[in-house]
Amino acid sequence: MVTAVTQGSGGAEPLPYPLPGPDEIRAQLARVISSPEFPKAGRGAAFLTFVVEEAIAGRAHRLKGYTVAIEVFKRSDTFTQDDPVVRIEAGRLRRTLERYYLVAGQGDPIRIDIPKGGYAPSFAWNDAAVTGRKEAAAENSDERPAQGRLRTPLPILAGLVGVVITAVLTYWATDRFIAGTRQSGFSAVPDEPTLVIAPFANLGDGPQSELYTVGLTEELLTALPRFKEIRVFGRETSKSLAPEVQASEVRGGLGARYLLAGGVRVSGPRVRVTARLVDTSDGAILWSQNYDDDLTTRELFAIQSDVASKVATAVAQPYGIIAQALTAKPPPDDLGVYDCTLRFYAYRAELSPEAHLSARACLESAVARYPAYATAWAMLSIAYLDEDRFRYNLNPAQREPMERALHAARRAIELEPDNTRALQSLMTALFFNQQLAEALEAGEEALATNPNDTELLAEFGTRLALCGQWKRGADLLDRALALNPGGAAYYHGTRALAAYMLDDHAKAVSLIRKADLQKFPLFHIVAAAIYAEAGLIDDARREGTIFTKIRPEYIRDIINENRKRNIQPKDSIRMIASLRKAGVPVPDAAGIEAELLKSAVTDRR
């Protein structure tokens with residue numbers, strides 16, 4: 001238990017005995033880093049020593065990511081926050097200190113911590129040390145009672161002044177750090193899966209082979225960081241590694257959970273790239289792939305870019321190799337709120353009310369603990385939106401779902417403007433708020449930000465298709481499904497609807513059967529329309545009956561439900577006619593036309 005602090009005061013009462021001094025803090029530092037419980041590998045000792053000495057010297061305000069990177073990790077002066085090494089090592093050091101004080105350091109007189117949100121350390125007396133000082137103070141008071149009573153306020157005042165001064169200094173330093181991180185788009189966020197890219201090995205001969213190897217590594221360092229669900233070590237870290245670096249070296253020296261490595265062989269006009277993803281905890285190869293190409297048919301740059309895109313998409317996409325590995329084998333040092341992103345994607349794959357409730361609750365907890373975590377805000381926006389559009393787990397005690405969805409999406413954008421998931425959430429919330437032009441603009445921006453994100457490709461394709469751009473929407477959905485055949489079944493369903501609208505009924509039937517989203521109500525209404533138009537009336541009636549039982553209010557208000565989804569009037573009329581063939585109790589043709597005409601007049605006003 002902390003009973004007095006000298007830095008980063010969290011409101012502790014000033015006490016009538018001296019606070020830890022520089023010599024006492026240095027003695028505690030030596031005790032910590034010499035303990036068997038403190039890891040000898042890595043740069044933890046150098047990191048801790050540096051920040052402690054800077055704080056003792058009154059330079060806590062210098063303890064920013066850039067300074068630590070230069071002084072401790074010997075990065076060049078071109079270091080940027082794209083390289084997460086300082087943040088990751090700080091998280092590891094916090095956990096090491098927590099473990100130390102639970103085991104070897106229980107009886108130590110002073111506790112050293114590095115509070116989250118910055119790198120300035122805090123120093124506090126432990127209870128055992130405080131008790132001893134209280135006893136000594138009591139003995140002195142017994143010897144000189146009158147004098148002690150007269151002088152008691154002075155040490156209290158001195159202690160109060162010391163705490164206030166150090167608290168003000170620490171607040172100033174921390175405030176400056178937080179301001180700096182906000183300006184650069186980074187804030188305190190939870191630990192996420194970390195990946196380091198080793199320079200690809202040159203296995204060929206000649207200058208062209210070397211050029212290709214360097215260029216491919218550079219392309220990967222550009223493509224992979226666009227996926228915000230993982231953290232990728234930057235160029236400086238990558239360049240400091242050897243192509244044949246061992247997984248154990250990466251784990252021990254950097255703490256990265258995954259290593260992407262490989263080699264390039266150029267022989268005459270032929271190019272072969274071998275890529276592999278390694279789990280550094282045990283050296284297991286999680287994925288490997290060969291890519292072959294011909295320099296006589298394509299330019300070198302085009303080949304590099306294409307291979308990098310394929311590797312990045314396979315490894316880092318929402319349903320990719322890293323996500324699958326974490327689902328199958330969570331790390332021993334639980335990544336905590338990262339589990340919420342996995343729950344979100346599991347929900348998107350199933351689209352059931354039960355999975356929605358679990359994902360929403362987890363994401364709400366995540367943003368409460370990490371209010372600067374943009375990806376969680378973006379996912380929460382989509383979960384809130386689904387309360388309204390799918391009628392899932394409505395909470396009457398809260399504001400309207402659409403209002404919450406827009407707020408969460410805009411919060412995500414504010415925190416990280418180039419976060420693909422944030423842009424996707426804003427696009428979707430605006431789309432269902434009938435701000436169609438702004439929604440599609442956000443979608444185009446997201447696509448330009450990360451053209452390899454299959455979740456975004458499919459979601460933007462869905463939005464485009466529903467508002468009448470069926471061909472372009474279908475093309476984006478095809479691209480997403482080609483890159484990620486095992487992705488969300490929701491997108492097979494939307495692609496099936498696009499095929500139906502494009503009069504490819506055989507393909508529509510094939511795709512809707514692949515979707516098979518039995519727990520998702522809208523799957524059944526789309527399936528009913530597709531089967532009816534393909535002449536599979538029994539299948540159409542079965543699906544129509546299921547949907548009518550689940551969502552009878554949708555059928556009664558089908559025109560407005562379709563309008564909410566920006567489905568164009570002519571497409572809405574076509575879908576309703578198909579549902580009528582399936583025996584779904586939709587309004588008759590005359591009633592539909594009258595309602596659409598009335599809606600058109602209202603819109604013009």
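What percentage of the 605 residues of the protein chain count as buried? In this predicted model, the share that counts as buried is 52%.

**Figure 1. Overview of the protein chain, with its 28 helices and eight strands.** The predicted model comprises 605 residues. Among contacts between residues at least 6 apart in sequence, 63% join residues that are at least 24 apart. The views that follow show one strand pair, two helix pairs and the surroundings of two buried residues, tyrosine 347 and methionine 427.

**Figure 2. The hairpin of strand 7 and strand 8.** Strand 7 covers residues 270–279 and strand 8 covers residues 284–294. The two strands run antiparallel and are joined by 10 bridges. Within this pairing, alanine 275 of the hairpin lies opposite glutamine 289, a residue of strand 8. Four residues lie between the strands, and glycine 283 adopts a positive phi near 80 degrees. In a regular strand, side chains alternate between the two faces of the sheet.

**Figure 3. Packing of helix 15 against helix 16.** Two packed helices are described by the angle between their axes and by the distance between the axes. For helix 15 (residues 374–389) and helix 16 (residues 401–415), the angle is about 165 degrees and the axes are 8 Å apart. Because angles over 145 degrees count as roughly antiparallel, helix 15 and helix 16 are roughly antiparallel to each other. The crossing of helix 15 and helix 16 is left-handed. On the side of helix 15, the contact includes Ala374, Trp377, Ala378, Ser381, Tyr384 and Leu385, together with Glu387 and Asp388. Helix 16 contributes Pro401, Met402, Arg404, Ala405, Ala408, Ala409, Arg411, Ala412 and Leu415. By class, the residues of this contact are 12 nonpolar, one polar and four charged.

**Figure 4. Packing of helix 22 against helix 23.** Helix 22 spans residues 505–515, and helix 23 spans residues 521–533. The axes of helix 22 and helix 23 are 9 Å apart and form an angle of about 150 degrees; the two helices are therefore roughly antiparallel to each other. Their crossing is left-handed. From helix 22, the contact involves His505, Ala508, Val509, Ile512, Arg513 and Ala515. From helix 23, it involves Phe523, Val526, Ala527, Ile530, Tyr531 and Glu533. Nine of the residues in the contact of helix 22 with helix 23 are nonpolar, one is polar and two are charged.

**Figure 5. The surroundings of tyrosine 347 in helix 13.** Helix 13 comprises residues 338–350. Tyrosine 347 has a relative accessibility of 1% and therefore counts as buried. Apart from residues up to four places away in sequence, tyrosine 347 touches Ser352, Ala355, His356, Ala359, Asp386, Phe390 and Tyr392. One of these residues, alanine 359, is 12 residues from tyrosine 347 along the chain, and their C-alpha atoms are separated by 6.9 Å.

**Figure 6. The surroundings of methionine 427 in helix 17.** Helix 17 comprises residues 420–432. Is methionine 427 buried or exposed? Methionine 427 is buried, because its relative accessible area is 0%. With neighbours within four places in sequence left aside, methionine 427 is in contact with Ala439, Ala442, Gly443, Glu459, Phe460 and Arg463. Glutamate 445 is 18 residues from methionine 427 in sequence, and the C-alpha atoms of the two residues are 9.6 Å apart.

Key:
Residues are numbered from 1 along each chain as its sequence is written. This is a predicted model: local features need pLDDT of at least 70, side-chain atom pairs count only at pLDDT 80 or more; totals for chains, interfaces and linings use all residues. Side-chain values use heavy atoms; hydrogens and water are left out. Two strands pair if DSSP finds at least two bridges between them. Axes are lines fitted to C-alpha atoms, for helices over the stretch in contact, and angles run from 0 to 180 degrees between N-to-C directions. Angles under 35 degrees count as roughly parallel, over 145 as roughly antiparallel, 65 to 115 as roughly perpendicular and the rest as oblique. A crossing is left-handed if the near helix is turned anticlockwise from the far one by less than a right angle, and right-handed if clockwise. Contact means heavy atoms within 4.5 Å. Ala, Val, Leu, Ile, Met, Phe, Trp, Tyr, Cys and Pro count as nonpolar, Asp, Glu, Lys and Arg as charged, and the others, Gly among them, as polar. Buried means under 20% relative accessible area, exposed over 50%, partly exposed in between (1.4 Å probe, protein chains only).
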